[in-house]
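Work through the exercises below with the model open. Each one sets a task, then solves it step by step.

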Amino acid sequence: MIVARRRSHGVKPILDRLHAITHTSYSTKCSYDLRHAATMKWVDTIVIDQKLCPFAPPVRNAPNLRIKISEATTHDEIIGEIEREAHLLVGKMDEQGSAMIERPKTTLVVLNEEKCPSLRDFRDLIRLSWRIQEEAINKHSYTEDLQQVLFHPEASHDTYAERLDADAADYTIRSPFPTIHLLREVDVMNAVTSGYPNLESLPSRNKQKMRQDDIEVCARRLNDCKVVGV
């Protein structure tokens with residue numbers, strides 16, 4: 001059961017400041033190159049530098065990491081893009097051919113909330129992920145081969161709760177743009193059996209770290225990802 005938090009004193013001013021930090025850049029139209037650069041900056045300055053994922057550094061560079069900047073305008077088009085990326089990731093090229101693209105180890109599909117405005121809502125991305133699982137993964141018998149992980153500028157660990165306060169822990173799953181991370185199951189299992197200490201507690205440690213950093217610091221750090229060259 002998801003239980004809404006009680007409103008605490010001083011929360012409204014904090015939420016107003018966070019809105020001021022993030023709203024302008026989120027509504028600014030972003031080019032293909034900016035989306036790619038901002039996503040790489042997020043990988044470098046947040047995922048890697050903040051040690052949110054200890055397995056990210058070895059696959060940071062192409063061709064290990066593939067960043068696909070989506071041009072899709074509808075959910076159906078997005079599912080088509082994910083299908084092609086799934087074929088590439090598992091080594092089965094789609095019928096249109098992807099022979100010129102070297103097979104990656106992991107893929108970030110960066111969606112465009114300007115072309116598909118419903119994606120501004122994290123819950124819409126969640127609903128879309130259900131269709132992706134069925135129509136782009138399960139349909140091709142990739143259920144045991146691929147996993148998808150969602151990131152979003154407004155992502156929340158308490159997705160369907162009535163949000164009355166802000167939680168810095170949500171920045172462990174926030175990204176500059178709506179993003180679907182496709183991972184190979186074999187790599188996930190290799191990570192689980194790698195011997196990394198206390199791997200099961202990594203999500204809790206990440207949440208604690210974000211809370212210690214302070215929510216405004218987390219918000220500015222994410223917003224800075226869109227300031228390319230800084």
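**Exercise 1. Locate the salt bridge between Glu83 and Lys139 and classify both partners by exposure.**

Solution.
- Step 1. The side chains of Glu83 and Lys139 pair at 3.7 Å, N to O. A salt bridge here is a side-chain nitrogen of Lys or Arg within 4 Å of a carboxyl oxygen of Asp or Glu.
- Step 2. Glu83 sits in helix α3 (residues 75-90) and Lys139 in the loop between α4 and β3, so the pair links distant parts of the chain, 56 residues apart. Helices (H or I, at least four residues) and strands (E, at least two) are DSSP runs, numbered from the N terminus.
- Step 3. Glu83 is buried, because its relative accessibility is 18%. Lys139 is exposed, because its value is 55%. The cut-offs are under 20% relative accessible area for buried and over 50% for exposed, with partly exposed in between (1.4 Å probe, protein chains only).

Two conventions apply throughout. This is a predicted model, in which local features need pLDDT of at least 70 and side-chain atom pairs pLDDT 80 or more, while totals for chains, interfaces and linings use all residues. Residues are numbered from 1 along each chain as its sequence is written, and side-chain values use heavy atoms, without hydrogens and water.

**Exercise 2. How many salt bridges does the structure hold? Describe the one between Glu114 and Arg35, then the one between Arg221 and Asp213.**

Solution.
- Step 1. The structure holds 15 salt bridges.
- Step 2. Glu114 and Arg35 meet through their side chains at 3.6 Å, N to O. This pair also links distant parts of the chain: Glu114 lies in the loop between β2 and α4 (122-137), Arg35 in helix α2, 79 residues apart.
- Step 3. Glu114 is partly exposed, because its relative accessibility is 21%. Arg35 is buried, at 1%.
- Step 4. Arg221 bridges to Asp213, with the closest N and O atoms 3.1 Å apart. Salt bridges with shared partners also join Arg35, Glu113 and Glu114 into one network.
- Step 5. Arg221 is buried at 17%. Asp213 is partly exposed at 22%.

**Exercise 3. Which residues outside its sequence neighbourhood does Ala169 contact?**

Solution.
- Step 1. Place Ala169 in the loop between β3 and β4.
- Step 2. Check exposure: Ala169 is buried, because its relative accessibility is 0%.
- Step 3. Leave aside neighbours within four places in sequence. Ala169 then contacts His157, Lys207, Met210 and Arg211 (contact: heavy atoms within 4.5 Å).
- Step 4. Compare sequence with space. Ala169 and Asp213 are 44 residues apart in sequence and 9.7 Å apart C-alpha to C-alpha.

**Exercise 4. Is Ser156 buried or exposed, and what lies 3.0 Å from its side chain?**

Solution.
- Step 1. Ser156 is in the loop between β3 (146-151) and β4 (179-184).
- Step 2. Ser156 counts as buried, because its relative accessibility is 8%.
- Step 3. A polar atom of the Ser156 side chain lies 3.0 Å from the backbone nitrogen of Asp158.

**Exercise 5. Which element gives the largest share of the lining of the largest pocket?**

Solution.
- Step 1. α5 does, with five residues.
- Step 2. α2 (32-48), β2 (106-110), β3, β4, α5 (185-192) and α6 (202-213) each supply at least two lining residues.

How values were computed
A polar contact is a pair of N or O atoms within 3.5 Å; within protein, one must be able to donate a hydrogen and the other to accept it, and residues adjacent in sequence count only if both atoms are side-chain atoms.
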